[in-house]
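Open the model in your viewer and keep the sequence panel beside it, since this tour moves from one selection to the next. At each stop, select the residues named and then read what is there.

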Amino acid sequence: MGPLGLALLFWAAVSAAHAVVYFREQFMDGGLQTSENSKFYAISSRFKPFSNKGRSLVIQYTVKHEQKIDCGGGYVKIFSSNLDQKNMSGDSQYYIMFGPDICGSETRKVHVILNYKSKPHPMKKRIRCKVDGFTHLYTLILRPDQTYEVKIDNEIIESGTLEDDWDFLPPRKINDPTAKKPKDWDDVPQIADPNDVKPEGEWKPRKIDNPNYKGVWPCPQIENPNYSPDFNIYSYENISIIGLDLWQVRAGTIFDNFLITDDEQYAEDFGDDTWGETKDPEKKMNIKQTEEEKKRERAKEEKRFKERFNKKVEKPKESGKDKSNRITLKKEEL
């Protein structure tokens, strides 16, 4: 396990109205930063256990890949109270895994993996994460009505129902196993043109739309006898730990402003008061740093050019007599 770059003071607060957990650095506005390349990282914080049954669960934090990460995780995990924190690893069972994951150009997604009956279930929809090097706010909302929302920078990126967008339950309906496709049902969309004339040499008749095509046969469906609704998919008991458990090839990611609450508006306001206050200054600072870097590069190039020019100027010139003697010597050697 690699160390985490900054030593933090962890604060935890839980009440009947709000279940709130946030990590703040003492004496300054900082965050957790990974510090060594090609390392596994693990850190967690425990708080008073609670259940989100009957109320929303909101998980929110900020993450910044300022090192232009090429492969590594940026997600958080929520655990129950029985987690062995000293031995936390990728094999430790978690309730929720949420946040960005990047590996090359193919894997650039936001994980939303929910535990149901002791098994992790990944979201069926694909959500693309931010990869621009700036700080971004990630928010997951689970509601008692079995709906959810995923936000990035306080804007809704994806939403829907837990039952539809995860494979928690068997499907409500299945194909009727007793139904059979009619013999005269033609489901071939195109056929060889019977009027096409074969020329000399290799030939295949061109394809035309099948006039008898009826489409894919819709098998009649029946109620699935194995399906039974579960109205508590969203809820977890003894929520008690939040942590980072991830691998990074290129370190430098900064995590901050961790929040767990049941108040969606509070989370939105908290995001505006933290990430929202720093996003514009961060972009201005980035522009300034980019301009300064360009100036430094120009200065280095000008210095190299002057050094090369001065070397040419300082090189002693041969007199006509020396040049003539050198040419005569070469002829004699030849």
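Begin with the whole chain in a cartoon view, where the secondary structure comes to four helices and 19 strands. Keep in mind from the start that this is a predicted model. The chain has 334 residues, of which 38% count as buried. If you switch on the surface, its accessible area comes to about 21000 Å², and 51% of that belongs to carbon and sulfur atoms. Among contacts between residues at least 6 apart in sequence, 70% join residues at least 24 apart.

**First stop: a salt bridge between a strand and a helix**

The chain holds 18 salt bridges by the rule used here. Select Lys64 and Glu282, which form one of them, with their closest N and O atoms 3.0 Å apart. This pair links distant parts of the chain, for Lys64 lies in strand β5 (residues 57–64) and Glu282 in helix α3, 218 residues apart. Are these two residues buried or exposed? Lys64 has a relative accessible area of 15%, so it counts as buried, and Glu282 is buried as well because its relative accessibility is 15%, where buried means under 20%. Now add Glu66 to the selection, and you have a network in which salt bridges that share partners join Lys64, Glu66 and Glu282.

**Second stop: a salt bridge between two loops**

Next select Arg250 and Asp70, a salt bridge whose closest N and O atoms are 3.6 Å apart. Here, too, distant parts of the chain are linked: Arg250 sits in the loop between β18 (239–248) and β19 (254–261), while Asp70 sits in the loop between β5 and β6 (71–73), 180 residues apart. Arg250 counts as partly exposed because its relative accessibility is 34%, and Asp70, with a relative accessible area of 33%, is partly exposed too.

**Third stop: a salt bridge between a strand and a loop**

Move on to Glu158 and Lys125, which form a salt bridge with their closest N and O atoms 3.1 Å apart. Glu158 belongs to strand β13 (residues 155–161), and Lys125 to the loop between β10 (119–122) and β11 (135–142), so that the pair, 33 residues apart, links distant parts of the chain. Lys125 is partly exposed, with a relative accessible area of 31%.

**Fourth stop: two backbone angles to look at**

Which angle should you check at Lys68? Lys68 has a positive phi of about 55°, although it is not a glycine. You will find Lys68 in the loop between β5 and β6, and at 69% relative accessibility it counts as exposed. Then select Ser118, which is not a glycine either and has a positive phi of about 65°. Ser118 is placed in the loop between β9 (107–116) and β10.

**Last stop: a charged patch on the surface**

Finally, select Asp269, Asp272, Asp273 and Glu277 with the surface shown, and you will see where they gather in a patch of negative charge. Which helix gives the most to this patch? Helix α2 (residues 264–273) does, with three residues. Glu277, by contrast, has its place in helix α3 (residues 275–314). Because its relative accessibility is 54%, Glu277 counts as exposed, the cut-off for that word being over 50%.

Key
Residues are numbered from 1 along each chain as its sequence is written. This is a predicted model: local features need pLDDT of at least 70, side-chain atom pairs count only at pLDDT 80 or more; totals for chains, interfaces and linings use all residues. Side-chain values use heavy atoms; hydrogens and water are left out. Patches are made of residues with over 30% relative accessible area and no salt bridge: like charges are joined within 9 Å, nonpolar side chains (Val, Leu, Ile, Met, Phe, Trp, Tyr) within 5 Å. Accessible areas come from the Shrake-Rupley method with a 1.4 Å probe; for residues, only the protein chains shown count as cover. A salt bridge is a side-chain nitrogen of Lys or Arg within 4 Å of a carboxyl oxygen of Asp or Glu. Lys and Arg count as positive and Asp and Glu as negative; His and the chain ends are not counted. The place of a charge is taken as NZ of Lys, CZ of Arg, CG of Asp or CD of Glu. Buried means under 20% relative accessible area, exposed over 50%, partly exposed in between (1.4 Å probe, protein chains only). Contact means heavy atoms within 4.5 Å.
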